[in-house]
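User: I am new to this structure and would like to understand how its descriptive terms are earned. Could you take me through them with care?

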Amino acid sequence: MNLIDLELSISSVHILQMAGIWDLEDIITMMDTHPATTSLALARIKPEDFAEIVAVIKKRTENVLDNP
């Protein structure tokens, strides 16, 4: 899922894209490969945008775990 598909603020999308994060898969991958960069980017975005990202990742993870 592309970041633009989520209802995130432009400033949060910009921060994430500057860190090399263009979609939700990038967040998961970057947490493995570049955890400091990813954590700093996530810490700089708006709290409501962070909450939306976490909710989408949680829902996606639950679907994957429910359907092996």
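User: Where does Ser 9 lie with respect to helix 1?

Analyst: Ser 9 lies in the segment before helix 1, which spans 10-18; helices here are DSSP runs of H or I with at least four residues, strands are E runs of at least two, and both are numbered from the N terminus. The model is a predicted one, in which local features need pLDDT of at least 70 and side-chain atom pairs count only at pLDDT 80 or more, while totals for chains, interfaces and linings use all residues. Residues are numbered from 1 along each chain as its sequence is written, and side-chain values use heavy atoms, with hydrogens and water left out.

User: Why is Ser 9 called buried?

Analyst: The relative accessible area of Ser 9 is 16%, and buried means under 20%, whereas exposed means over 50% and partly exposed is in between, with a 1.4 Å probe and protein chains only. Ser 9 therefore counts as buried.

User: What makes the pairing of the side chains of Ser 9 and Asp 49 a polar contact?

Analyst: The two side chains are joined at 2.7 Å, and a polar contact is a pair of N or O atoms within 3.5 Å, where within protein one must be able to donate a hydrogen and the other to accept it, and residues adjacent in sequence count only if both atoms are side-chain atoms. The side chain of Ser 9 also makes a polar contact with that of Ser 11, at 3.3 Å. Leaving aside residues up to four places away in sequence, Ser 9 touches Lys 46 and Asp 49, where contact means heavy atoms within 4.5 Å.

User: Why are helix 2 and helix 3 called oblique to each other?

Analyst: Helix 2 (residues 24-33) and helix 3 (residues 35-44) pack at about 130°, with axes 6 Å apart; the axes are lines fitted to C-alpha atoms over the stretch in contact, and angles run from 0 to 180 degrees between N-to-C directions. Angles under 35 degrees count as roughly parallel, over 145 as roughly antiparallel, 65 to 115 as roughly perpendicular and the rest as oblique, so these two helices are oblique to each other.

User: Which residues in helix 1 are buried?

Analyst: Ser 12, Val 13, Ile 15, Leu 16 and Gln 17 are buried in helix 1, and helix 1 is followed by Gly 20, whose phi is positive, near 90°.

User: How many helices and strands does the protein have?

Analyst: The protein has four helices and zero strands, and 31% of its 68 residues count as buried.
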